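The following paragraphs offer a guided reading of the structure shown here. They turn to the contact between chains and to the charged pairs within them.

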Amino acid sequence: MKAITYLSLALLGAGAFAAPTYADPKADNEVMHEFFKKRFPNVEFAEFSNGVYAFDENAREQWLEIEDFPPYEDAVEHGQTLFETPFANGKSYADCFENGGLNIRQGYPKFDADSGQVVTLELAINECRTANGEEALPYGRGDIAAISAYMATTSAGEIINVVVPSDPKALAAYEAGKKLFYERRGQLNMACATCHVHSAGGQIRADILSPALGHTTHFPAYRFAVEDLVTIQHRYAGCNKQVRAKPFELQSEEYRNLEYYHAHMSNGLPVNGPGSRK
Amino acid sequence: MKKLIQLTTMALLLPVGLSSALANDRLAEGKEISFDRKKGNCLACHVMDDGQLPGYLGPPLMMMEARYPDREKLKAQIADPTIRNPATSMPPYGKHRMLTEDELDKVVDYVHSL
């Protein structure tokens, strides 16, 4: 086992990232976690939930000051109000989720065996609405991000545990997400991994590139650039556009599979959403 | 044909000062394309010349003529860096037509002059 891990690490170093013919999510995580621990030897594991603020002192100080007056506070309150307001039929979000929707963020996205699809928290929120005769909310930002952010706060500090069951369809979804993560796209020919694995810690213009490990822990996140709370898939679309690639639809099968792989990678880290980011 | 001969003759007759001014214009254009965020945007990853707010993913571009005596090798690196290093983060400016052939040549001349 050790030997395999080292071999994969060597591949990581060479940037080869050959996708195995079978999916082994657990081994993937071991390789990825080792890679980042080696690259950032001074960063404590749980700190990866804080993105670039885990290792860039200057950025961290500014961020901590901002977090004294969190820019997402109103949105979270609004999200809680929406979450607790019953639908026209008298039911509410609490009726759609296990544990009344509280303290469940750490298990999302989930694989749904019945539909054979990956279900993100935002998709589940909208499915709850339509099942109760309400209109689906637009994805990306606004009310959906507020509700999701409120739900995340009820999981604060819980350890992320995204499960890939040994169902061929679940493994295929995971594998598809992984492929998307490593596939070079757009005119600039860059994969998510180009920036957030191989170049993590490096600097593009004034931006320091965050490691992919820990990316999903603090979403939805308040982005100063957008002046709003955004979902993780809103960020995916932004990063796709940066390399002049056509983004996928929010909550498309592609992005849900990507989020599945991406979130699974952060298993073992604490939930700390919503976060605030540039 | 006749026109070409005329042009060549004119070029030969150009005073030295004027032709080097033309060369400087070309370098200035190459610089502009290299710095333009919508074109080369090389500063995103390279320290070069007097460019502001550079990134540091790639090595500083300096002493290029000494390091790339063969201009074609430099052009190949900018046109498609994945040939030399398949895992590179640098975009393939020629292969993906991010720059026209003319723009690419100007960038190469400019970078070669650094």
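A residue is called buried here when its relative accessible area is under 20%, exposed when that value is over 50%, and partly exposed in between. The model is predicted, and this classification can be applied to a salt bridge in chain B. Glu103(B) has a relative accessible area of 15% and is therefore buried. The partner of Glu103(B) is Lys39(B), with the closest N and O atoms 3.0 Å apart. At 29% relative accessibility, Lys39(B) falls into the partly exposed class. Glu103(B) belongs to helix 5 (residues 101-112) of chain B, whereas Lys39(B) sits in the loop between helix 2 (16-35) and helix 3 (64-67), so the salt bridge ties together parts of the chain that are 64 residues apart in sequence.

Helix 5 of chain B also contributes Asp105(B) to a link with Lys75(B) in helix 4 (residues 71-79), the two residues being 30 apart. The closest N and O atoms of this salt bridge are 3.3 Å apart. Lys75(B) is buried at a relative accessible area of 13%, and Asp105(B) is buried at 17%. Both residues take part in one network, in which salt bridges with shared partners join Arg26(B), Arg71(B), Glu72(B), Lys75(B), Glu101(B), Asp105(B) and Asp109(B).

Chain A offers a further example. Here a salt bridge joins the side chains of Asp28(A) and Lys178(A), with an N to O distance of 3.2 Å. Because Asp28(A) lies in helix 2 (residues 25-39) and Lys178(A) in helix 7 (residues 168-182) of chain A, the pair ties together parts that are 150 residues apart in sequence. Asp28(A) is buried, with a relative accessible area of 17%, and Lys178(A) is buried as well, at 8%.

How many salt bridges does the structure hold over all chains? The total is 21, yet the count between chain B and chain A is zero. Eight residue pairs, with both residues at pLDDT 80 or more, are nevertheless in polar contact between these chains. On the side of chain B that touches chain A, the residues comprise 12 nonpolar, seven polar and four charged.

The extent of the contact remains to be described. Chain B provides 23 residues and chain A provides 17 residues. The area buried between the two chains is about 1,500 Å², with carbon and sulfur atoms giving 50% of it. Of the area that chain B buries against chain A, 30% comes from Leu57(B), Ser89(B) and His96(B), more than from any other three residues.

Technical notes
Residues numbered from 1 in each chain as written. Chains lettered and ligands numbered in written order. Predicted model: local features only at pLDDT ≥ 70, side-chain atom pairs only at ≥ 80, totals over all residues. Heavy atoms only, no water. Contact = heavy atoms within 4.5 Å. Buried area = accessible area lost by both parts, 1.4 Å probe. Salt bridge = Lys/Arg side-chain N within 4 Å of Asp/Glu carboxyl O. Polar contact = N/O pair within 3.5 Å; in protein donor to acceptor, adjacent residues only side chain to side chain. Nonpolar A, V, L, I, M, F, W, Y, C, P; charged D, E, K, R; others polar. Helix = DSSP H or I, 4+ residues; strand = E, 2+ residues; numbered from the N terminus. Buried < 20%, exposed > 50% of the residue type's maximum accessible area, 1.4 Å probe, protein only.
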